[in-house]
Amino acid sequence: MKDIDKKSLTLKTINKSNVWDIQENDVFRMLEVAEKDSDIRENIKHYIDIIKSAFEVEEIKIDRPEIIKKYEARGFQIGTMPVDESQKVKIGIKKRPILRVTDLTYENIRHISATKLLEVIDRNFGGGWDSLSQSIQDIIQSGFDISTTTLPKDRLHKVGGMYEKKVADGFEVLEISKGAWIEAIFAKLKPETEKPRLKFGTDDSRKYDSDDDDDEDLPDIDEKYDDDDEDLPDIDEKYDNDDDDDAFDEDKLTEESYRTTIEENPEDLDLTAEDVADDDEY
């Protein structure tokens with residue numbers, strides 16, 4: 001389970017994940033601060049909605065001792081919540097228990113221990129890991145490393161086997177009997193990793209962007225480059241000078257570079273008008 005400084009959390013910093021790390025007395029401590037902070041009072045409904053994701057919150061409309069005792073018997077802690085500068089309401093708050101696999105969520109899965117997780121799985125009719133729905137397995141594996149094995153009773157605790165290695169590596173184990181076999185479910189909380197954050201560099205191409213009102217102050221880019229053209233070298237002349245050294249010799253290419261495999265006298269290859277039939281003959 002995550003270790004946090006609960007006192008560092010406030011109504012403005014809680015979310016649907018870290019709210020699982022606090023208890024009822026922490027909630028009332030936060031609500032006391034709200035009495036002096038007008039911004040929190042104005043948005044109290046938003047903060048209560050976050051608190052309700054991990055706590056049962058009920059307004060006590062009948063403030064009598066016998067009614068209060070009934071709420072306390074159900075596990076509620078009683079306190080007040082500011083509504084405005086001059087008004088408060090009495091409420092009861094109780095942490096939502098995680099008893100069944102259906103109580104597990106992506107928000108609370110990292111806020112329970114491996115031992116607590118295996119207790120919850122064991123309550124699922126003793127069906128083992130495969131009895132859990134795929135959605136529940138995905139939630140569990142988002143926060144825990146899970147391994148399973150099913151072996152005969154006399155082989156499960158074999159020296160040097162998987163069971164011994166997993167326990168030595170810090171895994172908690174749940175054993176579920178299945179006749180002469182036992183399914184072992186190993187669970188270990190995953191180490192928390194930092195999510196990568198994208199860093200965007202400065203886009204130099206936007207340095208000329210501005211509102212339309214400022215366009216008159218920008219330099220005329222076309223004129224700027226027109227003025228600089230006089231300083232640029234004459235590209236045509238540069239390449240004309242280089243071509244003098246490596247001039248293309250068409251005759252040399254024709255006579256020396258090309259070869260043919262036809263072994264005939266060039267005079268025999270000449271065509272005359274006599275050798276070509278008129279089109280009319282076709």
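# Group meeting talk: two sheets, two cores and a low-confidence tail

Hi everyone. Among the elements of this protein, helix H6 has the highest mean pLDDT, 97, and helix H9, residues 221-228, has the lowest, 46. I start there since what we have is a predicted model. Across the protein the pLDDT averages 78, and 66% of the residues score at least 70.

Let me deal with the weak parts before the good ones. Over residues 204-230 the pLDDT is below 50, and beyond near neighbours in sequence this stretch has three contacts in the model. Then there are residues 235-245, where pLDDT also stays under 50 and the model has zero contacts beyond four places in sequence. Where pLDDT is low, the predicted coordinates should not be read in detail. With that said, on to the sheets.

Please find strand S1 in your viewers. It belongs to an open sheet of three strands, in the order S1-S3-S2, with antiparallel pairing. The edges are S1, at 55-59, and S2, at 77-82, and each of these pairs on one side only. On average, neighbouring strands here are turned by 35 degrees against each other, direction ignored. Five bridges hold the antiparallel pairing of S1 with S3, residues 88-95. If you want a pair to click on, take Val57, whose bridge partner in S3 is Ile93.

Which helices pack on this sheet? Helix H3, residues 44-52, does, touching S1 and S2, and its direction makes about 130 degrees with that of S1. Helix H4, residues 65-73, packs on the sheet as well; H4 touches S1, S2 and S3, and makes about 110 degrees with the direction of S2.

While we are here, have a look at Lys88, which sits in strand S3. Is Lys88 buried, partly exposed or exposed? Its relative accessibility is 47%, so Lys88 counts as partly exposed. Setting aside neighbours within four places in sequence, Lys88 is in contact with Glu35, Thr80, Met81, Pro82 and Val83. The Glu35 contact spans a fair bit of chain: Lys88 and Glu35 are 53 residues apart in sequence, with 9.0 Å between their C-alpha atoms.

Now the second sheet. This one is also open, with three strands in the order S4-S6-S5 and antiparallel pairing. Here S4 and S5 are the edge strands, each pairing on one side only. From one strand to the next, the twist averages 20 degrees. S4 and S6 run antiparallel and are joined by nine bridges; one pair to look for is Pro152 with its bridge partner Trp181 in S6. Seven bridges join S5 to S6, again antiparallel, and there Val173 has Phe186 as its bridge partner in S6. S5 and S6 make a hairpin with two residues between them, and Gly179 in the turn has a positive phi of about 70 degrees. Helix H5 lies across S4, S5 and S6, and runs at about 15 degrees to S5.

So what about the interior? The largest nonpolar core has 44 residues, and those touching the most other members are Leu11, Leu31, Leu104, Leu117, Ile121 and Ile140. Elements that each supply at least two residues of this core include H1 (24-34), H3, S3, H5 (114-122) and H6 (134-141), along with strands S4 (144-152), S5 (172-178) and S6 (181-189). Leu31 is a nice one to centre on: leaving out residues up to four places away in sequence, Leu31 touches Leu11, Ile44, Ile48, Thr80, Met81, Pro82 and Ile91. There is also a second, separate core of six residues, including Phe171, Ile182, Ala184 and Phe186. You have met Phe186 already, as the bridge partner of Val173.

One last residue, and a polar one. Asn18 is found in the segment before H1. Is Asn18 buried or exposed? Asn18 counts as buried because its relative accessible area is 13%, and the cut-off for buried is under 20%. What does its side chain reach? The Asn18 side chain comes to 2.8 Å from the backbone nitrogen of Asn15. Beyond its neighbours within four places in sequence, Asn18 is in contact with Leu9, Thr13 and His111.

That's my tour. Happy to take questions, and to spin the model around with you.

Technical notes. Residues numbered from 1 in each chain as written. Predicted model: local features only at pLDDT ≥ 70, side-chain atom pairs only at ≥ 80, totals over all residues. Heavy atoms only, no water. Pairing = 2+ DSSP bridges. Helix = DSSP H or I, 4+ residues; strand = E, 2+ residues; numbered from the N terminus. Axes fitted to C-alpha atoms, helices over the stretch in contact; angles between N-to-C directions. Contact = heavy atoms within 4.5 Å. Core = buried A, V, L, I, M, F, W, Y, C linked by side-chain atoms within 4.5 Å. Buried < 20%, exposed > 50% of the residue type's maximum accessible area, 1.4 Å probe, protein only. Polar contact = N/O pair within 3.5 Å; in protein donor to acceptor, adjacent residues only side chain to side chain. pLDDT = per-residue confidence, 0-100.
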